[in-house]
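Please open the model in your viewer and keep the selection panel at hand. The tour below moves from one selection to the next and says what is to be found at each stop.

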Amino acid sequence: MSLNSYRKLGKSWTFIKQLCEVTCEFLYELKFINRHYFLTLMLINRAYRYELDPNNSQRSSLSQHAGVARFTYNWGLEQRIARYKNKQGDERFTDTMKQNKLLNSLKKSQFSWMYETSKCAPQEALRNLHRAFKNFYRGLNSGKKIGFPRFKRRGVRDSFRLYGTIRFHERAIQLPRIGKIRIKEKRKCYYSGRILSVTVRRRANRWFVSVTVEDETPDPKPVRGVPVGVDLGVKTLAILSDGTTFANPRAMGRRLRKLRQLSKSLSRKQKGSKNRERAKLRLTKMYLKVFNIRQDTLHKVTTYLAKSHSKVVIEDLCVSGMMRNRRLARVIADVGFYEFRRQIEYRCGWYGSELVVVSRTFPSSRMCSQCGHRKKELSLSEREYKCEQCGFEIDRDLNAALNLVAVSLPETENACGEEVRLLADSLNLQRAASMKQEPNIIPDSMSRNV
Ligand SMILES: [Zn+2]
């Protein structure tokens with residue numbers, strides 16, 4: 001079959017699909033069928049995050065749980081290291097199941113205080129430890145630098161995970177062993193799906209829960225909207241090929257002086273004093289603020305991109321390589337490129353837009369978006385792109401965004417001529433796995449029987 005007949009077939013197929021959709025809508029309107037009759041469902045994992053408002057006894061119970069989780073993690077890590085040093089052959093290694101058994105036998109004699117908390121907290125801590133080791137070995141095999149699991153410290157990233165009977169009440173959440181805790185939320189808690197587990201974290205003396213649910217949602221309809229190229233940067237967070245820009249909030253950059261001042265004041269306080277504790281809290285509060293501002297911006301930008309464009313084209317940035325540049329490391333970390341990539345990947349899956357990741361070797365900045373001429377060199381200080389061949393002048397980042405969107409378009413729509421077309425063929429454009437959670441697509445008729 002020739003390419004043309006494939007296209008014709010493709011066109012008629014979309015026409016049939018559209019026709020079916022219209023018929024279904026019509027039958028639904030007439031109340032003949034159920035809304036999801038014709039739609040396929042996908043299974044996604046989602047997390048809902050709330051801030052807790054615990055009373056004093058709940059507060060101590062929460063920190064007790066976090067303490068047990070930390071203790072178990074450190075105990076497990078110590079045991080693994082000791083085993084590795086002392087035992088021979090296969091005896092050297094252990095896993096979560098074996099460690100859990102050993103811990104349960106020790107609970108009766110040595111760790112009887114663990115009975116005051118839920119059994120999930122230590123179990124999940126051992127599971128986390130196992131994951132940390134797995135990541136470490138994966139790093140060794142693939143040549144990536146992933147550190148050896150470290151011991152946890154009191155008050156640093158305190159958290160624990162629970163599962164079992166977790167229920168939402170109006171403005172409260174029920175946790176196993178701890179009970180009903182109020183939530184700092186004005187409206188009623190909303191969630192849909194089946195609750196899998198809950199992770200409780202302490203940040204700057206505030207407690208947060210994130211509830212993981214497994215939810216079935218209808219397969220998203222493809223988003224209508226023009227394809228867009230996105231160039232990420234430091235001066236402006238993102239510039240789109242249609243000219244829209246998103247300002248970089250410089251969450252940390254703007255607060256550097258304050259952070260420096262706070263950490264200096266912390267280092268001057270006497271160890272173990274109340275004053276030191278207070279200074280520490282002030283500093284962690286500032287860091288939490290920085291984190292929140294960065295997350296908020298990234299969530300807004302990625303939601304806008306995924307909801308209003310049929311195709312989002314981004315460059316496959318080598319973030320760890322960029323971080324090796326000592327002068328740029330801080331500003332790059334401040335933008336959160338990696339987090340941007342993570343969010344855009346799952347959002348595109350949710351809302352039904354296509355994510356295209358263009359290979360690292362594609363010269364998006366050096367190429368002219370008008371004639372396809374490629375410069376040999378382009379320094380970072382040149383903010384304006386001037387083409388030597390056709391004399392075209394354009395903002396450097398906008399030029400890159402235009403090149404990105406052009407390279408992803410099929411041949412017929414490509415206005416940039418031979419050059420880009422050849423490039424697009426030769427480069428391997430990864431059709432990114434836009435659905436990070438790998439949603440299982442199950443037809444509705446099957447899922448309803450379950
Ligand atoms: Zn040119």
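**Stop one: a pair of helices**

Begin by selecting helix α2 (residues 56–86) together with helix α4 (residues 120–142), which in this predicted model pack at an angle of about 40°, with their axes 8 Å apart. An angle of that size makes α2 oblique to α4, and the crossing of the two helices is right-handed. To see the contact itself, show the side chains of His65, Val68, Ala69, Thr72, Tyr73, Gly76 and Leu77 in α2, which meet Ala121, Pro122, Ala125, Leu126, Asn128 and Leu129 in α4. Coloured by class, the contact of α2 with α4 shows nine nonpolar and four polar residues, and no charged ones.

**Stop two: a second pair of helices**

Next select helix α5 (residues 256–268) and helix α6 (residues 274–308), whose axes come within 9 Å and cross at roughly 160°. How are α5 and α6 oriented to each other, roughly parallel or roughly antiparallel? Angles over 145 degrees count as roughly antiparallel, and α5 and α6 therefore fall into that class; their crossing is left-handed. On the α5 side, display Lys258, Leu259, Leu262, Ser263, Ser265 and Leu266, and on the α6 side their counterparts Arg276, Ala279, Lys280, Arg282, Leu283 and Met286, which they meet. Here the residues of the contact divide into six nonpolar, two polar and four charged.

**Stop three: strand β4 and its neighbours**

Now move to strand β4 (residues 172–175) and add strand β3 (residues 167–169), with which β4 pairs in the antiparallel sense over three bridges. Phenylalanine 168 has isoleucine 173 in β4 as its bridge partner. The two strands form a hairpin with two residues between them, and in the turn arginine 171 has a positive phi of about 55°.

On continuing along the chain, select strand β5 (residues 179–183), which runs antiparallel to β4 and is joined to it by four bridges. One pairing to pick out is that of alanine 172 with arginine 182 in β5. β4 and β5 also form a hairpin, this time with three residues between them, and arginine 177 in its turn has a positive phi of about 75°.

With β4 still selected, which of its residues lie on the covered face? They are Ile173 and Leu175, whereas Ala172 and Gln174 belong to the uncovered face. In a regular strand the side chains alternate between the two faces of the sheet.

**Last stop: the whole protein**

Finally, zoom out to the full set of twelve helices and 16 strands. Buried residues make up 24% of the 450 residues in the protein.

Technical notes:
Residues are numbered from 1 along each chain as its sequence is written. This is a predicted model: local features need pLDDT of at least 70, side-chain atom pairs count only at pLDDT 80 or more; totals for chains, interfaces and linings use all residues. A residue is buried if 20 or more other C-beta atoms lie within 10 Å of its own, exposed if 12 or fewer, and partly exposed in between; C-beta atoms are placed from the backbone. Two strands pair if DSSP finds at least two bridges between them. Axes are lines fitted to C-alpha atoms, for helices over the stretch in contact, and angles run from 0 to 180 degrees between N-to-C directions. Angles under 35 degrees count as roughly parallel, over 145 as roughly antiparallel, 65 to 115 as roughly perpendicular and the rest as oblique. A crossing is left-handed if the near helix is turned anticlockwise from the far one by less than a right angle, and right-handed if clockwise. Two residues are in contact if their C-beta atoms, placed from the backbone, lie within 7 Å. Ala, Val, Leu, Ile, Met, Phe, Trp, Tyr, Cys and Pro count as nonpolar, Asp, Glu, Lys and Arg as charged, and the others, Gly among them, as polar.
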